[in-house]
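Dear colleague,

Please find below the structure that I am handing over to you. A short account of what was found in it follows.

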Amino acid sequence: MKALTEHWYRPRPWLTALLAPLEGLFALASLTRRLLYRTGWLKTVRLPVPVVVIGNINVGGVGKTPVVEGLLRQLRARGVAVGLVSRGYGGSHATPTRVTTDSDPAVVGDEPLLLAATGAPVVVGRDRVAAARHLLEIYPDTALILADDGLQHYRLGRTLEIVVLDAARGAGNGHLLPAGPLREPVSRLRTVDAVVLNEGTGVATCAPLALPQALPQFRMRLMAGALESLAQPGRQATPADFAGQRVVALAGIGHPERFFDTLRQQGLELSRTLAFPDHHPYSEADIPAEAGAVIVTTKDAVKLQCVNRARLWQLPVRAEFSPDLADWILKRLKRDHGR
């Protein structure tokens with residue numbers, strides 16, 4: 001799998017040719033499904049409140065979760081009764097399930113549990129329509145729903161579509177799965193309402209992606225906060241506090257190198273980095289015994305309740321958008337739908 005994902009961003013022509021038949025099958029299936037919804041053979045369900053989809057056209061590690069978290073916080077700060085529906089990847093739930101800060105990540109997934117900390121209502125479900133209906137049943141005052149990673153879930157009607165892209169990696173080699181990282185072709189960007197470019201900290205590995213000229217674009221930067229102890233909530237530290245210790249960084253996210261680069265930019269000297277698969281279920285064996293301190297993402301932290309947390313620290317980050325994305329969404333909804 002590692003060789004394949006490396007090929008997506010540093011392509012080898014022979015592998016592209018080898019995977020071309022599988023890419024063709026994926027493209028045919030994806031196009032057929034879209035056409036079935038577009039022509040009405042498969043039905044799209046519209047909800048009584050606006051739905052804003054935050055998604056991506058490619059797989060893995062574009063920074064979508066920080067975008068959703070930032071929007072939830074900013075919309076709530078403006079007094080908007082916003083809720084979230086999510087697939088809840090990695091969770092065992094079989095029916096739409098309400099997520100609270102006390103929920104089990106093994107049941108609801110790691111990202112929804114992290115997003116529930118914003119205070120917004122969160123419901124997970126394999127069927128986004130059923131999840132959204134359940135959210136409206138238990139939170140009838142909800143005025144706006146964000147759909148996390150729902151771009152390809154065409155059964156759920158949407159008012160706005162916002163795509164998140166990694167500014168450094170773009171669309172990779174431009175090919176669809178499995179020959180490339182794309183779930184849908186780059187041409188899909190002509191039909192969305194806006195793009196958020198995650199500027200991140202990485203070095204560009206692909207040619208810049210040419211975006212439609214009229215497509216609204218927003219820049220996102222992740223601003224790191226103080227390191228926080230998982231064993232002693234409220235205790236904070238700076239990189240200087242770890243001088244002389246063996247510091248290990250651990251991440252089970254889509255693009256772990258971005259997290260490791262952020263830690264180094266904060267001035268941390270890392271003796272080792274450990275990258276796990278996205279949504280990895282942690283155990284005590286995953287925590288290196290030789291480390292004096294282990295630093296994890298906030299997404300990983302919610303799954304580390306079952307281990308000895310004495311040496312564990314998390315690095316919180318917050319998203320900053322330029323221009324103001326929440327303001328743009330509210331103005332678009334008011335302009336186009338009178339809301």
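**Aromatic residues, charges over rings and a surface patch**

Tyr154 is a buried residue, with a relative accessible area of 10%. Please keep in mind throughout that this is a predicted model.

The ring of Tyr154 takes part in one of the aromatic pairs, of which the structure holds five. Its partner is Tyr37: the ring centres are 6.1 Å apart and the planes stand at 45 degrees, so the pair is tilted. A tilted pair is one whose planes are neither under 30 degrees apart, which would count as stacked, nor over 60, which would count as edge-to-face. Distant parts of the chain are linked by this pair, since Tyr37 belongs to helix H2 whereas Tyr154 lies in the loop between strand E5 (144-148) and strand E6 (160-166), 117 residues apart. Tyr37 also counts as buried, because its relative accessibility is 15% and the cut-off for buried is under 20%.

A second aromatic pair is formed by Phe242 and Trp313, and this one is edge-to-face, with 5.3 Å from centre to centre and 90 degrees between the planes. Here too, distant parts of the chain are linked: Phe242 is in the loop between strand E10 (236-237) and strand E11 (247-251), and Trp313 is in strand E14 (residues 312-315), 71 residues apart. Phe242 is buried, at a relative accessible area of 5%, and Trp313 is buried as well, at 6%.

Aromatic rings also have charged side chains over them. The charged end of Arg169 sits over the ring of Tyr9, at 4.5 Å from the ring centre. Tyr9 is itself one of the buried residues of helix H1 (residues 2-9), together with His7 and Trp8. Helix H2 is included in what covers these buried residues of H1. Elsewhere, Arg87 lies over the face of Tyr89, 5.2 Å from the centre of the ring.

On the surface, there is a nonpolar patch made up of Leu36, Trp41 and Leu42, which together have about 330 Å² of accessible area. Within this patch, Leu42 is located in the loop between helix H2 (13-38) and strand E1 (51-55). Is Leu42 buried, partly exposed or exposed? With a relative accessible area of 34%, Leu42 is partly exposed, because that term covers the range between buried, under 20%, and exposed, over 50%.

With kind regards

Conventions:
Residues numbered from 1 in each chain as written. Predicted model: local features only at pLDDT ≥ 70, side-chain atom pairs only at ≥ 80, totals over all residues. Heavy atoms only, no water. Patch = residues over 30% accessible without salt bridge, like charges linked within 9 Å, V, L, I, M, F, W, Y side chains within 5 Å. Areas by Shrake-Rupley, 256 points an atom, 1.4 Å probe, with all protein chains shown as cover. Salt bridge = Lys/Arg side-chain N within 4 Å of Asp/Glu carboxyl O. Helix = DSSP H or I, 4+ residues; strand = E, 2+ residues; numbered from the N terminus. Buried < 20%, exposed > 50% of the residue type's maximum accessible area, 1.4 Å probe, protein only. Phe/Tyr/Trp six-rings, centres within 6.5 Å; stacked < 30°, edge-to-face > 60°. Lys NZ or Arg CZ within 6 Å of the ring centre and 35° of its normal. Contact = heavy atoms within 4.5 Å.
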